[in-house]
Amino acid sequence: MEPIMRVENLSHVYSAGTPFQKGAVRNVSFDIMRGELLGVIGHTGSGKSTLIQHLNGLLKPSEGHIYLAGKDIWENPKEIRNVRFRVGLVFQYPEYQLFEETVRADVAFGPKNMGLSGEELEQRVRHAMEDVGLDASYLDKSPFELSGGEKRRVAIAGVLAMHPEVLILDEPTAGLDPEGRENLLRCLKSYQQKRKSTVLMVSHSMSEIARFSDRILVMKDARVLMCGTPEEVFSRTEELETAGLNTPKAARIALALRKRGVELPESIFTMEALVNALAAKKGGGGVC
Amino acid sequence: MLKDITLGQFFPGNTLAHRLDPRTKLMVTVLYIVALFCAKSFVSYGVMALWLVTAVQVSKVGYKALVKGLKPVWFIIVFTAVLNLIYIKGTPLVTIWKFTIYREAVETAVFMILRIAMLIMGTFLLTYTTSPIRLTDGLETLLSPLKKLHAPVHELAMMMAIALRFIPTLIEETDKIMSAQKARGADFESGGLLQRAKALIPILVPLFISAFRRADELATAMECRCYSGGEGRTKLHVLRFAAKDYLVLALAAVLTAAVIVLGRMGL
Ligand SMILES: Nc1ncnc2c1ncn2[C@@H]1O[C@H](COP(=O)(O)OP(=O)(O)O)[C@@H](O)[C@H]1O
Ligand SMILES: [Mg+2]
């Protein structure tokens, strides 16, 4: 896989030169690979939201560079609007940005700004609604009469309709009930796989991230703590715990068992893998 | 960014300026403004500048933040100064092209700039060093004699406190909504006047909805805690004058008197 985006030594300082000065991102470097789902996790205030707003040029780096398909996105500041169409960003609680009279018009806002109209626009709106699991009967409703979860999906569809090369979501499941979370995550995963799209998802739920990500970026105090596959990251369970981050339940159980002398591989982080590993041990006449 | 608007912003701190009773600071600010409008010469402006500089030094707010507060009004300041330069006649100083600049005009323009800039910096110093809660508390207490005339002093103070409290929240919210719509390609910077006004709809609609939602939630929360207006309501922190308050007030009164006397003497 090749990187579609590259972040190089990125730093961001808020309110520079005032008593409120704050370094929210410090010297962060990482790659986003084409077609992957990259999960970003970290405590509240670790700089996740600040970091991702750099990726589509909403924030300008205090230091460092961001490359999209090999080109610095700030090379030509006049072109930044184009970058925003190519890197779609869904903010946290995106349902608060709906403003149009119908769902159709709201989802069409982005593609319309790109200059699309007519049949192509309508097609994009319909496909985006399909991608988030809402049928065509929603199109003529007012966004304000929908439930919270439905509004959230409509807002996400509004970004998907721009057909971004990279889709970025800031805590897309925040404030949803468990069922709504699960559904939304499945939709996003299938969108990524079906459209061969690149997705970056911020979350503070370790188990969500563990189950759906191809790679994980862990942020702590404005810096990158780890970056790698779930196996690599969760094999450092203890390190994550000392950093005060929740680890998936299965990883914690595996760690506790290892400490009591049960030989288990370090890469276990889903219940399924744990059960399988234990079953294999039992079958082989292990400690259990 | 909208965030950089410093209007009514409070910089927490623990200096003498922060610890003074808000009523003291309000009264000192009023005295300062009166004195500023009585200042008529370089000597009296010098006294005013000394007053302002001392206050800034004590408050540790920093000149950068103060000067930033002037940003929204630079245009007005320059505009009035230029008008003064052109229209006031007296002893000719220099002639540039068709315009003759007079000595009196230069003087008036300089005073005008000083007056507006110092007025704004002085009042900003008040809001920089006083939290909105304490500011309204002070205002309510100062104005409480008006309650005898059935003026809704408490209600006005409460409205002001709530408004001040929500200004930063709404600014933050506006910033967020703007960013979110920019992420969908909204363009607020190009096009004619009509197009620009139209571009505001995606910001204003969500902003109004959220403001109404917040107002509704706040009203419910206040009712749940049995808020029913000022009648019989006591305060957690009762304002009390300390020795430093009397001292500062006396000093401000002396300075104001000095500036007025200087004005009478034609200085
Ligand atoms: N607009 C802003 N102005 C000033 N400081 C901010 C702003 N946004 C975030 N911060 C600060 O930057 C830090 C990182 O915030 P954020 O990126 O939102 O973290 P996260 O999304 O991981 O919770 C926090 O300490 C926060 O207070
Ligand atoms: Mg965040």
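The following dialogue works through the interface, the enclosed spaces and the salt bridges of a predicted two-chain model.

User: How many residues of chain B and of chain A are in contact, and what area is buried between them?

Analyst: The size of an interface is often given as the accessible area lost when the parts come together. Here 21 residues of chain B are in contact with 23 residues of chain A. The area buried between the two chains is about 1,900 Å², with carbon and sulfur atoms giving 65%. Ala183(B), Arg184(B) and Gly185(B) supply 33% of the area that chain B buries against chain A, more than any other three residues.

User: Which salt bridge and how many polar contacts does the rule find across this interface?

Analyst: Across the interface of chain B and chain A the rule finds one salt bridge. Its partners are Asp106(A) and Arg184(B), whose closest N and O atoms are 3.0 Å apart. Four residue pairs are in polar contact across the interface, both residues of each pair being at pLDDT 80 or more.

User: Which elements of chain B supply the side that touches chain A, and how do its residues divide by class?

Analyst: At least two residues each come from α4 (63-69), α8 (153-183) and α10 (201-224) of chain B. The largest share, six residues, belongs to α10(B). By class, this side of chain B has eleven nonpolar, four polar and six charged residues.

User: How should one read empty space in the model, and what is the volume of the largest cavity?

Analyst: Rolling a probe the size of a water molecule over the atoms shows where empty space is left. A search of the whole structure finds one cavity of 30 Å³ or more. The largest cavity has a volume of about 80 Å³.

User: Which residues line the largest cavity?

Analyst: Both chains contribute: the lining includes Leu89(A), Val90(A), Phe91(A), Asp106(A) and Val159(A), together with Ala180(B) and Arg184(B). The elements giving two or more residues to this lining are β6 (87-90) and α5 (148-160) of chain A. The lining has eight nonpolar, one polar and two charged residues. Asp106(A) and Arg184(B), both in the lining, are also the partners of the salt bridge described above.

User: What is the volume of the second largest pocket, and which residues are closest to its centre?

Analyst: That pocket has a volume of about 950 Å³. Of the 32 residues that line it, Ile133(B), Asp137(B), Met158(B), Arg233(B) and Lys235(B) are the closest to its centre. In chain B, α7 (132-143), α8 and α10 each supply at least two lining residues, and α8(B) gives the most, with seven. The lining comprises 14 nonpolar, seven polar and eleven charged residues.

User: How many salt bridges does a search of the whole structure find, and why does the pair Arg6(A) and Asp31(A) tie together parts apart in sequence?

Analyst: Over all chains the search finds 26 salt bridges. In one of them the side chains of Arg6(A) and Asp31(A) meet at 2.8 Å, N to O. Arg6(A) lies in strand β1 (residues 3-14) and Asp31(A) in strand β2 (residues 22-33) of chain A, so the pair ties together parts that are 25 residues apart in sequence.

Note on methods
Residues numbered from 1 in each chain as written. Chains lettered and ligands numbered in written order. Predicted model: local features only at pLDDT ≥ 70, side-chain atom pairs only at ≥ 80, totals over all residues. Heavy atoms only, no water. Contact = heavy atoms within 4.5 Å. Buried area = accessible area lost by both parts, 1.4 Å probe. Salt bridge = Lys/Arg side-chain N within 4 Å of Asp/Glu carboxyl O. Polar contact = N/O pair within 3.5 Å; in protein donor to acceptor, adjacent residues only side chain to side chain. Helix = DSSP H or I, 4+ residues; strand = E, 2+ residues; numbered from the N terminus. Nonpolar A, V, L, I, M, F, W, Y, C, P; charged D, E, K, R; others polar. 1 Å grid on protein atoms, 1.4 Å probe; cavity = no way out; pocket = protein on both sides within 12 Å on 5 of 7 lines; lining within 4 Å. Points joined across faces, edges and corners; volume = space filled by probe spheres on them.
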